[in-house]
Amino acid sequence: MTTEPLPTTQQQKLRVLLVEDDADTLATTLKLLEALGHWATGVKSAEAAIARFFDGAFDVVMVDIGLPALSGHDLAERLLHDHQVPVIFVTGQAEPATAMKGTVWLRKPYTVEQLTQTLERSLAEVR
């Protein structure tokens with residue numbers, strides 16, 4: 001019996017929930033994720049993400065930290081408490097010395113390669 005390596009995001013097409021309050025960034029990131037072969041949908045607030053999220057619907061959640069009302073950090077805490085889903089913080093802020101368990105950081109602005117690597121790292125966080 002041989003063990004196959006886990007598929008990378010180049011091979012595995014992901015279902016991504018993107019939470020971003022800037023309309024241009026939301027549209028551009030959705031197009032980029034789709035161009036990479038992933039299925040992606042986006043919402044503009046943490047509250048909308050909570051309403052849209054249910055177990056098994058998404059492989060990863062990408063969230064901006066600086067959202068109006070409920071922050072991306074608060075959303076991540078809530079999702080990670082109730083669900084086993086990796087969270088990517090997509091932000092202009094620097095990564096803290098100790099990141100929240102189950103999360104990875106992708107600093108804006110980022111390259112396509114950095115996005116792909118971060119998606120792969122996020123999946124490794126929950127395995």
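**Notebook: sheet, helices and aromatic rings**

I began with helix H3 (residues 72-82), which lies across E1, E3, strand E4 (87-91) and E5. I noted that H3 runs at about 175° to E4. The model is predicted, and I read every entry below with that in mind.

**Entry: overall make-up.** I looked up the elements of the protein chain and found 4 helices and 5 strands. Read from the N terminus on, I have their succession as β-α-β-α-β-α-β-β-α.

**Entry: the sheet.** In what order do the 5 strands of the open sheet stand? I wrote down E2-E1-E3-E4-E5, with parallel pairing. Strand E2 (39-43) and strand E5 (103-107) each have a single partner strand, so I list both as edges, with one side of each left without a neighbour in the sheet. For the turn between neighbouring strands of this sheet I have 20° on average, direction ignored.

**Entry: the E1-E2 pair.** I then checked how strand E1 (residues 15-19) is joined to E2: there are 5 bridges, and the two strands run parallel. I picked out Leu17 and found its bridge partner in E2 to be Thr41. As a general reminder to myself, strands of a sheet pair through backbone hydrogen bonds, either parallel or antiparallel.

**Entry: helix H1.** Which strands does helix H1 (residues 23-35) lie across? I found E1, E2 and strand E3 (60-63). The angle I noted for H1 against E2 is about 170°.

**Entry: aromatic rings.** I searched the whole structure for aromatic pairs and got 3. One of them is Phe53 with Phe58, at 6.0 Å centre to centre and with 25° between the planes. I record this pair as stacked, because planes under 30 degrees apart count as such. Ring pairs also bring in Trp39, which I list with Phe53 and Phe58 as a cluster.

Are Phe53 and Phe58 buried or exposed? The relative accessible area of Phe53 is 10%, and that of Phe58 is 9%. The cut-off for buried is under 20%, so I enter Phe53 as buried and Phe58 as buried.

**Entry: whole-chain totals.** I closed with the figures for the protein chain. Of its 127 residues, 42% count as buried. The area it exposes comes to about 7100 Å², and I noted that carbon and sulfur atoms supply 53% of that. I also looked at contacts between residues at least 6 apart in sequence, and of these 58% join residues at least 24 apart.

How values were computed
Residues numbered from 1 in each chain as written. Predicted model: local features only at pLDDT ≥ 70, side-chain atom pairs only at ≥ 80, totals over all residues. Heavy atoms only, no water. Pairing = 2+ DSSP bridges. Axes fitted to C-alpha atoms, helices over the stretch in contact; angles between N-to-C directions. Contact = heavy atoms within 4.5 Å. Buried < 20%, exposed > 50% of the residue type's maximum accessible area, 1.4 Å probe, protein only. Areas by Shrake-Rupley, 256 points an atom, 1.4 Å probe, with all protein chains shown as cover. Phe/Tyr/Trp six-rings, centres within 6.5 Å; stacked < 30°, edge-to-face > 60°.
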